[in-house]
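Q: I have a structure open and would like to talk it through. Can we start with the overall layout and then go to the details?

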Amino acid sequence: MYNSKISGLGMYVPENVVTNEDLSKIMDTSNEWIIERTGIKERRHIKKGDGNTTATMGVEAAKIAMKRAGIEKNEIDLILFATLSPDYYFPGSGVLVQELLDIPTCPAMDIRNQCSGFIYAISTADQYVKSGMYKNILVIGSENHSGGLDMTSRGRGVSVIFGDGAGAAVVSREEDLTKGILSSHLHSEGKYAEELALISPSTNRWVPEIIDSNDSEDISYYPNMNGQLVFKNAVVRFSEVIMEGLKHNNLSPDQIDMLIPHQANLRISQFVQKRFGLSENQIHNNIQKYGNTTAGSIPIALTEAWQEGKIKEGDIVVLAAFGSGFTWGSTIIRW
Ligand SMILES: CC(C)(COP(=O)(O)OP(=O)(O)OC[C@H]1O[C@@H](n2cnc3c(N)ncnc32)[C@H](O)[C@@H]1OP(=O)(O)O)[C@@H](O)C(=O)NCCC(=O)NCCS
């Protein structure tokens, strides 16, 4: 029997900062509206020609995580890459990381679970390590949203929220069964698939069909979101799945040392914080600086919290996410 633990963390965001003021110059929005509704002040966007892609950002985060874990590239047994914005339609970005890191024929798998992607990936890594099959797994969450957003007033309800960036964790074998990843809890509800989705291009609507329709009003290739429905479901599901994880491990909310919620909206995080009676020291939010980086958001926030010394050995750390699918999940860790 083995346990698994996070042995190293890293993050990478592009240098280019896009403030709310910058956005208000190109679409009908304002700094006040964005801060009041979402808490976001700025986000990072890849700049054309700066060399960043979903895979390369993941690699930069991964290099830091591997260094901190003290492992060499040839010790990585599996790459799990969570993203909704892979470099190509296919293959996934995991294989690009294998090539960029030059890990000969290491298996690589993409996880397509949007904002819950990192939780699903951590859960998958945990099972491979606990079964004894693999010792060190590189788990990456990375997104390049900016190039695919509708940056006009028409897309303002979505475009102001999302940012680019990547986070990575090395999940390693832990012999001490009282420490490490205790459990993960995953859910989905596909009836809401189209409430937060990017519909085209897809096998329902291939590129030739889009070109043939020659419709300048076609917005099916931009992400669409039923913001209020997402918000209502998010606050309920976040709370449920955190409680499920705590109960499973005989823990109570006051035993949470650090909650890392997926950075969807500061108001959602604050609702959950209040619901569990957590102080400012028991939750880490950074959506103010990076916006919603989807699969990147939890590993970026976790890395930042750890770097700032907010997570100590023995702490109960809770990760929780909700997003497109709908999918949601939590992971409970004794650090
Ligand atoms: C998207 C979200 C911030 C919108 O906030 P909201 O309070 O629900 O606002 P609404 O969508 O009801 O829109 C209210 C008004 O603001 C306008 N608006 C939308 N985006 C705007 C923007 N960027 N700037 C200014 N006004 C905007 C709308 O057009 C609407 O105007 P109207 O009343 O004249 O029709 C909010 O619904 C949300 O955060 N939802 C969850 C999103 C989320 O977490 N997504 C990620 C999932 S992981």
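What follows is a short chat about the domains, the ligand and one helix.

Q: What kind of model is this, and which domains does the assignment give?
A: This is a predicted model. The domain assignment of the protein chain gives domain 1 (3-174) and domain 2 (180-334).

Q: How many residues does the contact take from each domain?
A: It takes 49 residues from domain 1 and 44 residues from domain 2. The elements giving two or more residues to the domain 1 side include β1 (3-12), α5 (117-130) and β6 (136-143). The residues on that side divide into 19 nonpolar, 19 polar and 11 charged.

Q: How far apart are the domain centres?
A: The C-alpha centres of domain 1 and domain 2 lie 14 Å apart.

Q: Now the ligand. Where does it lie?
A: The ligand lies between domain 1 and domain 2, because both give residues to the shell around it.

Q: Which residues come nearest?
A: Of the 22 residues around the ligand, T29, R156, G227, A264 and G323 come nearest. The elements giving two or more residues to the shell are α2 (31-38), α6 (156-159), α8 and β12 (316-323).

Q: Which element gives the most?
A: That is α8, with five residues.

Q: Why does the length of α8 make sense?
A: Helix α8 (residues 227-248) has 22 residues, so at 1.5 Å a residue it should span 32 Å, and its end C-alpha atoms are 31 Å apart, which agrees.

Q: Which residues in α8 are buried?
A: V230, A234, R237, F238, V241, I242, G245 and L246 are buried.

Q: And what does N250 do just after α8?
A: N250 takes a positive phi of about 55° there.

How values were computed:
Residues are numbered from 1 along each chain as its sequence is written. This is a predicted model: local features need pLDDT of at least 70, side-chain atom pairs count only at pLDDT 80 or more; totals for chains, interfaces and linings use all residues. Helices (H or I, at least four residues) and strands (E, at least two) are DSSP runs, numbered from the N terminus. The expected span of a helix is 1.5 Å times one less than its number of residues. A residue is buried if 20 or more other C-beta atoms lie within 10 Å of its own, exposed if 12 or fewer, and partly exposed in between; C-beta atoms are placed from the backbone. A residue is near a molecule or strand if its C-beta atom, placed from the backbone, lies within 6 Å of it. Domain bounds come from an automatic or database domain assignment. Two residues are in contact if their C-beta atoms, placed from the backbone, lie within 7 Å. Ala, Val, Leu, Ile, Met, Phe, Trp, Tyr, Cys and Pro count as nonpolar, Asp, Glu, Lys and Arg as charged, and the others, Gly among them, as polar.
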